[in-house]
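Here are a few exercises to work through with the model open beside you. Try each one yourself before reading the solution.

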Amino acid sequence: SGEIMIRFSPLIILTPVAILNATSSEENVNYISDMAWNYSLYTIQQLGPAFIKLCQWAATRRDLFPPHVCDRLAQLHDATFVHDWKHSHEILSEAFGENYDNDEILFDRNSTAARGMGLKINPKDVIGSGSVAQVYKGSMKWNGVEQSVAVKVLHPNIHVRVDRDLQLIKRAASLINAIPLTMIEMLNLPQVAENFSNIMRNQLDLRNERDHLDRFGNNFAPSSDTDFSKISFPTPLLADANCLVEDYEDAAPMSNFLYDDSEEGMKLRRQLAGPLLRAFLKMVFMDNFVHSDLHQGNVKVRKCSVQQPSSFWNWTRADDGNDNNCVDKYTIVFLDAGIVTELKKQDQQNLKDLFKAVITNDGKEAGRLMISRAKYERCSQVEGGIETFSKGIEDIVSEFHDRRKQGLTLGVVRIGTLLSRVLDLCRVHGVEIDPAMSNIVMSTLVLEGLGRTLDANLNLIDIALPFILGRGKV
């Protein structure tokens, strides 16, 4: 805590100066403001990976923080410190042997046994550095074929730094929780800190991410070799606790497509919005295995040309001198699967009931079911508590249901807001919800925001209903 105060102390001067300069010229305002923000971001990075991850989360919460704050904090998604090559080389040597870059040395996916060809990396080819690890672009021969790969390596001393950060966060949570206020007691901050601690520790063994990518790959595998894949994840090739090698995804950031208002750009945005939301709904309602680090930097778009099936029309076009019967298609690529969420069965069913309640306008029954499924709840201990909670859920659901007259499109409905209000109601009335539910809400807010920017006219219920019934397809 002393280190935090010392590192942030220069802001005691920078912040008031930036505010006072607000009446000055725009150039001075920007200069002072940039200086204060740059120092803040630098300090957050110096404090450690857990603080970086906490601010990355804050960057996605535009419902809680002003847009300019979120935009500044969003820089932490990709602009964290880069460690030197010497450390990366040592980690790779420990994992795969000192001659890992030798063309004659072969690798197995799970060990150093022979099966692939040497791994080559240019130390300058750093393509990203996050709070926990840094990623290089490299190449290797896999099954006899030369291919580009992404190589993720944990930062130096990451275990020690994360342990220090988490101890501080847990200590702060315990101190705040000791304040004798019912409102604070309901927050259950020690449990929240423990949940965040588990998330961070799971990221420190990259074999977990390999397993996550394998599972996502199976969940979104095309049904046949001829099917075009609308959703893709990198394929893991080699894995160790401290490093991960996966195929390199040559794809453009989703942000490149969000603000193209041309006729062609709008058409493409609509083409991307549906698969993006359907993929997320599939994760939540059908697979119960949800990517929970879905900021814009982890969502990319890959363009490829696909040969059209032969037809009489294609033959006539070929006769006209156009023998290229290819069309451009796009695949959404999800990266960085280190953080995933799996809900308890009763919480997943609560989510389905909430969506059904919006359709049927029966929030009161959804509220009663939530109470009956909860392991712990205080509603039954208070006179009229069950009715009060159920009425609260009914009011929230009715508000959203009434908007059906306008069409339940992404431009009208804020489903992330609905879920946030439901969680807040559970907190106030002491209805226990799995802390993992907050990860689902956060991911919903991020994906819903992306989907709304791509196509605000997309009908949410039309897309969600098949997945709630277990029959949805991406």
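**Exercise 1.** Work out which residues Gln-134 touches, leaving aside those up to four places away in sequence.

*Solution.* Start with the contact list, where contact means heavy atoms within 4.5 Å. Gln-134 touches Phe-81, Val-82, His-83 and Ser-88, then Val-126, Gly-128 and Ser-129, and finally Val-151, Lys-152, Val-153 and His-155. Next, place the residue: Gln-134 is in strand S2, residues 133-142. (Helices, H or I with at least four residues, and strands, E with at least two, are DSSP runs numbered from the N terminus.) Then check its exposure: Gln-134 is buried, at 0% relative accessibility. Buried means under 20% relative accessible area, exposed over 50%, and partly exposed in between, with a 1.4 Å probe and protein chains only. Last, look for a side-chain partner: a polar contact of 2.9 Å links Gln-134 to Tyr-136. That term covers a pair of N or O atoms within 3.5 Å; within protein, one must be able to donate a hydrogen and the other to accept it, and residues adjacent in sequence count only if both atoms are side-chain atoms.

Before going on, keep in mind that this is a predicted model: local features need pLDDT of at least 70, side-chain atom pairs count only at pLDDT 80 or more, and totals for chains, interfaces and linings use all residues. Residues are numbered from 1 along each chain as its sequence is written, and side-chain values use heavy atoms, with hydrogens and water left out.

**Exercise 2.** Find the salt bridge partners of Asp-165 and Lys-391, and say how exposed each residue is.

*Solution.* First the definition: a salt bridge is a side-chain nitrogen of Lys or Arg within 4 Å of a carboxyl oxygen of Asp or Glu. The structure holds 15 of them. Asp-165 pairs with Arg-164 at 3.1 Å, N to O. Here Asp-165 is buried at 1% relative accessible area, whereas Arg-164 is partly exposed at 36%. Now take Lys-391, whose partner is Asp-395, with the closest N and O atoms 2.8 Å apart. Both sit in helix H15 (residues 385-402), four residues apart, about one turn of the helix. In general, an α-helix has 3.6 residues a turn, so residues three or four places apart point the same way. Lys-391 is partly exposed at 39%, and Asp-395 is partly exposed at 39% too. To finish, there's a network to spot: salt bridges that share partners join Lys-152, Glu-209 and Asp-336.

**Exercise 3.** Where are the buried residues of helix H14 (residues 363-373) around its axis?

*Solution.* List them: Gly-363, Ala-366, Gly-367, Met-370 and Ile-371. They cover an arc of only 140° around the axis, so they're on the same side of H14. The arc is that of the directions from the helix axis to the C-beta atoms.

**Exercise 4.** Name the residues that make the nonpolar surface patch of about 240 Å², and locate Ile-179.

*Solution.* The patch is made by Ile-176, Ile-179 and Leu-181. Patch residues have over 30% relative accessible area and no salt bridge; like charges are joined within 9 Å, nonpolar side chains (Val, Leu, Ile, Met, Phe, Trp, Tyr) within 5 Å. Ile-179 lies in the loop between helix H7 (158-177) and helix H8 (182-187), and is partly exposed at 38%.

Methods. Areas by Shrake-Rupley, 256 points an atom, 1.4 Å probe, with all protein chains shown as cover.
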